[in-house]
Amino acid sequence: MAVFQVNFMAETLGRTVPLYVILPTDKVYFPGMKKRAEGKPYQTLYLLHGIIGNYTDWLYGTRIQRWAQERDLAVVMPSGDNCFYLDQPWNCNMYGEFIGKELVSFTRKTFPLSDRKEDTFIGGLSMGGFGAMRNGLKYNRTFGRIFSLSGAFIVDETLLEKADSPRFPAETEEFKHSCFGPDLEAALHSDKILMYLSHSLYKTKKRFRKSTWHAAHRILCSKKTRHFPKPCIRLESRIHSKPVLAHMIGIFGILI
């Protein structure tokens, strides 16, 4: 399994950014195994980490290398810098555009990745689950599949509530404004929230099909830990042909 550590200049973020890329180009085939067609581009998963993490989380804390090799899958793991993978022009950070456009374009030019929508997936954990769902919906012509593991879908009316004694940096007003903008109420009526995106796509008659990613939880399971608590492996989805986006807990996947 080939693992590449990459640093490149991201115009949308105005700086050099790191990422890991897993690419099974050195896969060993034993007698009897069917070989991959030479020159065939790889299906690709853009995998986003959670809050207070970085691009190394999936590589060192999960079994993603084995999972990717078994499926001949390329995996791209960028950093989100606690920014919820959203566009933040007031901070000169266009993370949504970075994930949905620039990162995909750069990696496709640099590695043998498929440029087909049906071969391009996005997913993540917690903050990354939010970022995957938001950017997967926004850039639905790029991503054919989306999954969210315990997605942090926190952008609702509770965003306006002030915590008397914040227990976590994400609960502070400073953090909320840095991520979602100076006008939090306006953010609730923008493409920063999934409900807004789902309604917009419904108006254009965009339909969704539900899909359970049975293998998704195996990314996180170590040899010793085979099971998640029940809420973490339950699929909860109300997206189909109705303009409804339910609050989701655990593994959620859709085909676009």
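What follows helix α5, and what is the sign of its phi? In this predicted model, the residue just after α5 is Gly181, and its phi is positive, near 105°. That makes a handy starting point for a walk through the structure, beginning with the helix that comes right before Gly181.

Helix α5 covers residues 173-180, and its buried residues are Glu173, Phe175, Lys176, Cys179 and Phe180. Looking down the axis of α5, these buried residues fall within an arc of 160°, so they line one face of the helix. And what sits over that face? The cover on the buried residues of α5 includes β5 (87-88) and α6 (184-187).

Now zoom out for a moment. The protein has eight helices and 10 strands. It runs to 256 residues, and 50% of them count as buried. As for the outside, about 13,200 Å² is exposed, with carbon and sulfur atoms supplying 52% of that area. The chain also brings distant parts of its sequence together: take the contacts between residues at least 6 apart in sequence, and 68% of them join residues at least 24 apart.

Helix α4 is another one to pick out. It spans residues 127-138, which is 12 residues, and at 1.5 Å a residue it should span 16 Å; the C-alpha atoms at its ends are indeed 16 Å apart, so the expected and modelled values agree. Is α4 mostly covered or mostly open? Mostly covered: 11 of the 12 residues in α4 are buried. The buried set takes in Met127, Gly128, Gly129, Phe130, Gly131, Ala132, Met133, Arg134, Asn135, Gly136 and Leu137.

One of these residues, Gly131, is worth a stop of its own. Gly131 belongs to helix α4. Its relative accessibility is 0%, and because the cut-off for buried is under 20%, Gly131 counts as buried. Which residues does Gly131 touch, leaving aside those up to four places away in sequence? They are Leu48, Phe84, Tyr85 and Gly136. Gly131 can also be compared with Tyr95: the two are 36 residues apart in sequence, while their C-alpha atoms are 9.3 Å apart in space.

Charged side chains come next. The count of salt bridges comes to 10. One of them pairs Arg71 with Glu70, with N and O 3.1 Å apart. How covered are these two partners? Arg71 has a relative accessible area of 31%, so it is partly exposed, whereas Glu70, at 53%, is exposed.

Arg116 turns up in two salt bridges. With Glu118, the side chains meet at 2.5 Å, N to O. With Asp119, the closest N and O atoms are 3.7 Å apart. Arg116 itself is partly exposed, because its relative accessibility is 45%. Glu118 is also partly exposed, at 38%. Asp119, on the other hand, has a relative accessible area of 11%, so it is buried. Elsewhere, salt bridges that share partners tie Lys27, Arg36 and Asp72 into one network.

How values were computed: Residues numbered from 1 in each chain as written. Predicted model: local features only at pLDDT ≥ 70, side-chain atom pairs only at ≥ 80, totals over all residues. Heavy atoms only, no water. Helix = DSSP H or I, 4+ residues; strand = E, 2+ residues; numbered from the N terminus. Expected span 1.5 Å × (residues − 1). Buried < 20%, exposed > 50% of the residue type's maximum accessible area, 1.4 Å probe, protein only. Contact = heavy atoms within 4.5 Å. Salt bridge = Lys/Arg side-chain N within 4 Å of Asp/Glu carboxyl O. Areas by Shrake-Rupley, 256 points an atom, 1.4 Å probe, with all protein chains shown as cover. Arc of directions from axis to C-beta.
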